[in-house]
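Let's take a walk through this model together, with the sequence and the coordinates side by side.

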Amino acid sequence: MKTETFQWVLGIESSCDETAVAILHEGKTLAADLVASQIDLHQAYGGVVPELASRQHMEAINYLIDQAMKQAGITLQDLDGIVVSKGPGLVGALLVGISTAKALAYSLGIPFLGVNHMEGHIYANWLSHEDIAFPLLGLIVSGGHTALMVLEDHGRYRLLGQTRDDAAGEAYDKVARAMGLGYPGGSVIDRLAQKGQAGSYALPRVQLKDDPWGFSFSGLKTAVLNLLNQKALKGEDVNKADLAAAFQEKVTATLTEKTLAAAKAHGISSILLAGGVAANSGLRQKMTAACQEAGMKLYLPHLKYCTDNAAMIACAGYYRLGAGLRDDLTLNAEPALGTAE
Ligand code: KG4
Ligand code: ZN
């Protein structure tokens, strides 16, 4: 007999280039947490190839679920609920996870639910901290999104602003590619930046006067690309560590200052970071220092839960299943799902 307490929740993530499966016990303990990264596969192309991603997800997913069951020491029949990323992401990739979740839930006769991948990123914090009190000012920074949100309660979010062009992670990836640093570029630039002098190159800071909580990173990215082109034309060398440091300084200063200003403007004294770029060392340092100075509480996700994983999906789903939310077999992928939907 299944209970409504959701002892064992299976989480599935396949929105982009990681196939991930996790088993969450009683909403807090991870009995299994597996990620099969496809980065090696896509590296040769300088970015994610959607068709290859879907095929790789199909090859990996059943094996990962099997392994997760073994690691947790349970069988499929012990599961009380299944949660899967429904979007945003690559449609073919998402459908692999969704079809798997549906088939399992149907055959086991248990509830299942599709959750917003970006909401999953937010819940990485519930896997990283004991107690989190609402309201929170959330900065969600990933490869596809950069958004400021007021998090009023579980499942109650208000979007304040987002990027009007490149997401922060996307700018990192494009700059890294132009600098010949490979894919994905965020962590490479981050490591390089720590060895460079940010003041060595002057890069612009884009101000959006009509959109106080919006972001724009394409101007900064283009400035880096122009600088690289001009240096190449003149046959001059670029100090990659210095350029990485200058780029990182601009991105992290913008993110930090805007987040603190938004928190103050909305009378919120707790800040929460989420998404792949929340792993950035410069951003973590700047946010920590700024929150300390402003007397604000800061929630940073553990590094291992910043980038895509299924633990965060299981955790977001645990709260939503507990609140009575369910999907049926008509659930479809929502590749363009917004951050706050
Ligand atoms: O959240 P995520 O895993 O996937 C999306 O939902 O998009 O984020 C991936 C993004 C990539 O753009 C990657 O370059 C960036 O996060 N990223 C970083 C760092 N680690 C990952 N960006 C800056 N610094 C890092 N240390
Ligand atoms: Zn993600």
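The tour below goes from the metal site to the second ligand, then to salt bridges and some backbone details.

## The zinc site

Please keep in mind throughout that this is a predicted model. Which residues hold the zinc ion (ligand 2) on the protein side? The protein donors are His117 through NE2, His121 through NE2 and Asp308 through OD, and they lie 2.0 to 2.1 Å from the metal. Written as a sequence pattern, the spacing of these donor residues is H-x3-H-x186-D.

The site has 4 donor atoms and is tetrahedral, with angles of 95 to 130 degrees among them. For orientation, ideal angles at a metal are 109.5 degrees for four tetrahedral donors.

The short end of the pattern has a simple setting. His117 and His121 both belong to helix H4 (residues 117–123), and because they are 4 residues apart there, about one helical turn separates them. Are these two histidines buried or exposed? His117 has a relative accessibility of 5%, so it counts as buried. His121 is buried as well, with a relative accessible area of 1%.

## Around ligand 1

His121 turns up again at ligand 1: 18 residues surround this ligand, and the closest are His121, Gly143, Asp173, Gly276 and Asn280. The polar contacts to oxygen atoms of ligand 1 include both backbone and side-chain partners. Gly143 offers a backbone N or O atom at 2.8 Å from a ligand oxygen, and a backbone N or O atom of Gly186 lies 3.0 Å from an oxygen of ligand 1. From Asp173, an N or O atom of the side chain is 2.6 Å from an oxygen of the ligand. How much of ligand 1 does the protein cover? On its own the ligand has 560 Å² of accessible area, and the protein covers 87% of that.

Ser142 sits just before Gly143 in the numbering, in the loop between strand S6 (136–141) and strand S7 (146–153). With 6% relative accessibility, Ser142 counts as buried. Its side chain reaches the backbone nitrogen of Gly144 at 3.2 Å.

## Salt bridges

The structure holds 14 salt bridges. Here are some of them, with their N to O distances:

| Pair | N to O distance |
|---|---|
| Glu152 and Arg158 | 3.1 Å |
| Lys221 and Asp166 | 2.8 Å |
| Lys174 and Glu170 | 3.0 Å |

Take the pair Lys221 and Asp166, whose side chains meet in a salt bridge. Lys221 lies in helix H7 (residues 218–234) and Asp166 in the loop between strand S8 (156–162) and helix H5 (168–178), so the pair ties together parts that are 55 residues apart in sequence. Both Lys221 and Asp166 are buried.

Lys174 and Glu170 make a local pair: both lie in helix H5, 4 residues apart, about one turn of the helix. Lys174 is partly exposed at 33% relative accessible area, and Glu170 is partly exposed at 25%. These two residues join Asp166 and Lys221 in a network of salt bridges.

As for Glu152 and Arg158, Glu152 is partly exposed with a relative accessible area of 29%, and Arg158 is partly exposed with 39%.

## Backbone details

Most residues other than glycine have a negative phi, and most peptide bonds are trans. With that in mind, a few places deserve a look.

Where are cis peptide bonds found? One runs from Gly87 to Pro88, with omega near -5 degrees. Pro88 is placed in the loop between strand S4 (81–87) and helix H3 (91–108). Another runs from Tyr183 to Pro184, with omega near -10 degrees, and Pro184 lies in the loop between H5 and helix H6 (186–193).

Phe6 has a positive phi, near 50 degrees. This residue lies in the segment before strand S1 (8–13) and is buried, at 2% relative accessibility. Glu26 also has a positive phi, near 50 degrees. Its place is in the loop between strand S2 (18–25) and strand S3 (29–37), where Glu26 is partly exposed with a relative accessible area of 46%.

Notes:
Chains lettered and ligands numbered in written order. Predicted model: local features only at pLDDT ≥ 70, side-chain atom pairs only at ≥ 80, totals over all residues. Heavy atoms only, no water. Donors = N, O, S within 2.8 Å, 3.2 Å for Na, K, Ca; no water. Tetrahedral: all angles 85-135°; square planar, octahedral: opposite > 155°, others 65-115°. Buried < 20%, exposed > 50% of the residue type's maximum accessible area, 1.4 Å probe, protein only. Near = heavy atom within 4 Å. Polar contact = N/O pair within 3.5 Å; in protein donor to acceptor, adjacent residues only side chain to side chain. Areas by Shrake-Rupley, 256 points an atom, 1.4 Å probe, with all protein chains shown as cover. Salt bridge = Lys/Arg side-chain N within 4 Å of Asp/Glu carboxyl O.
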